[in-house]
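Me: Please examine the structure shown below. I should like to go through its helix packing, its salt bridges and the exposure of selected residues.

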Amino acid sequence: MNELPIVVTCTDRKASPPVTALRARDLAAADLSEKAAEWERRLRTATEGRVELAHLYQGDQWRRAQALAAAATHAGFAPSLYVASAGLGLRSVFSLAPSYAATFMPRHADSVASSTSQAADWWDHLQRMDESRNLSQIAASAGRILVVLSETYAHAMHRDLLALAASGADTVLIGGACDLDGVLRIPANAALRNALGGTLTSLNARMAAAWLQRCTPGRLITPAAKERWTTWVDQAACPERYARTPMSDAAVTKFIKTMKSRYPDASRTRLLRLLRDEGMACEQKRFAGLYSSTIGQR
């Protein structure tokens, strides 16, 4: 059975809005250990509206993450998908959980940490919860693992990644924050977006699928796969020149209203990044003014 565990990150877009008790912003001010203990208690007692994680998350990034299972099957593996979450830890997509709002993104209303060291400590607390796993445990039975992480999550999970690197499992890390001995890391490469399509938020998942397409069937890491990958990157990479399409004030305002209804907790900076990821242009100061006149000083 050629098992391949695949680890991806969660998304802020959920199938249903979180209840107040499960928003990180509503945790009482306390030290990190106390906040983590209270968060765990709230998760444990939230019995209503629990769904499989596979159906909890939404959006293009999540669809691309789920599509990795099909790519792995075509590459000769039996995939099992896991999701890393700032609210739940590391769990199988078949785990049940209620909707929640928690993130490692700094300056976000539902951020659980104000620094990378706090994020790493929070992750350690999450891993003590009953259903949460660690990377080494997941990789142990298969002897291999594909990990797809943003830089933010890689910082939070750094100690977990170090333990995985020392375990001897064949590990491919797409994205991440730094190179690790014992791990084949493929850094996020925006120059591949032209070849892979999609937005920057789903780039790592698309790169992971591209790696699986170039694997030797049933083997995650081989010299031949590395050579095929390097050859393809050299041919496909196209540095972005940010030739974005200008927008009228009315179009920017419409975009802000649409995205704010879809992501009610998204910050102004987050919305501007989403706009630019769509290939549109708006100067930062102008966007700030239109945001304030549309949403208010928030």
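The questions and answers that follow concern a predicted model.

Me: At what angle do helix α11 and helix α13 pack, and how is that arrangement classed?
Reply: Helix α11 spans residues 249-262 and helix α13 spans residues 284-294, and their axes lie 10 Å apart. The angle between them is about 60°. That angle makes α11 oblique to α13.

Me: Which residues of α13 make the contact with α11?
Reply: The crossing of α11 and α13 is right-handed. On the α11 side, the contact is made by Asp249, Val252, Thr253, Ile256, Lys257 and Lys260. The residues of this contact divide into five nonpolar, two polar and four charged. The partners from α13 are Arg286, Phe287, Leu290, Tyr291 and Thr294.

Me: Are α11 and helix α12 roughly parallel or roughly perpendicular to each other?
Reply: Helix α12 covers residues 268-277, and its axis is 11 Å from that of α11. The two helices pack at an angle of about 115°. An angle from 65 to 115 degrees counts as roughly perpendicular. The relation of α11 and α12 is therefore roughly perpendicular.

Me: How many residues in the contact of α11 with α12 are nonpolar?
Reply: The crossing of these helices is right-handed. Phe255, Ile256, Met259 and Lys260 of α11 meet Leu271, Leu274 and Leu275 of α12. The contact of α11 with α12 has no polar residues and one charged residue, and its nonpolar residues number six.

Me: What is the angle at which the axes of α1 and α4 cross?
Reply: The axes of α1 and α4 come within 10 Å of each other. α1 passes α4 in a right-handed crossing. The two helices are oblique to each other, because angles that are neither roughly parallel, roughly antiparallel nor roughly perpendicular count as oblique. Their axes cross at roughly 40°.

Me: Which residues of α4 are met by α1?
Reply: From α1, the contact involves Leu32, Ser33, Lys35, Ala36 and Trp39. By class, the contact of α1 with α4 has five nonpolar, three polar and two charged residues. The residues met in α4 are Gln118, Asp121, Trp122, His125 and Leu126.

Me: How many salt bridges does a search of the whole structure find?
Reply: Side chains of opposite charge can pair when their charged atoms come close. One network of salt bridges links Glu38, Arg41 and Arg42. In the whole structure, the number of salt bridges found is 12.

Me: How many residues apart are Arg50 and Glu131, whose side chains meet in a salt bridge?
Reply: The N to O distance in the salt bridge of Arg50 and Glu131 is 3.9 Å. Arg50 is in the loop between α1 (32-45) and β2 (51-52), whereas Glu131 is in the loop between α4 (116-126) and α5 (135-140). The pair thus links distant parts of the chain, with a separation of 81 residues.

Me: Which residue of the salt bridge between Glu131 and Arg91 counts as buried?
Reply: The side chains of Glu131 and Arg91 meet at 3.8 Å, N to O. The pair is 40 residues apart, with Arg91 in strand β4 (residues 89-92). Glu131 is partly exposed at a relative accessible area of 35%. Buried means under 20%, so at 5% relative accessibility the buried residue is Arg91.

Me: Is Asp179 buried or exposed?
Reply: Asp179 forms a salt bridge with Arg185, the closest N and O atoms being 3.2 Å apart. The relative accessible area of Asp179 is 60%. Because a value over 50% counts as exposed, Asp179 is exposed.

Me: How many residues of helix α9 are buried?
Reply: Helix α9 comprises residues 203-213. Among its buried residues are Asn204, Arg206 and Trp211. The helix is largely enclosed by the rest of the structure, because the buried residues number 10 of the 11.

Me: What separates the C-alpha atoms of Arg273 and Thr201 in space?
Reply: Arg273 is placed in helix α12. Arg273 is partly exposed, with a relative accessible area of 36%. Arg273 and Thr201 are 72 residues apart in sequence, and their C-alpha to C-alpha distance is 9.9 Å.

Methods
Residues numbered from 1 in each chain as written. Predicted model: local features only at pLDDT ≥ 70, side-chain atom pairs only at ≥ 80, totals over all residues. Heavy atoms only, no water. Axes fitted to C-alpha atoms, helices over the stretch in contact; angles between N-to-C directions. Helix = DSSP H or I, 4+ residues; strand = E, 2+ residues; numbered from the N terminus. Parallel < 35°, antiparallel > 145°, perpendicular 65-115°, else oblique. Left-handed = near helix turned anticlockwise from the far one by under 90°. Contact = heavy atoms within 4.5 Å. Nonpolar A, V, L, I, M, F, W, Y, C, P; charged D, E, K, R; others polar. Salt bridge = Lys/Arg side-chain N within 4 Å of Asp/Glu carboxyl O. Buried < 20%, exposed > 50% of the residue type's maximum accessible area, 1.4 Å probe, protein only.
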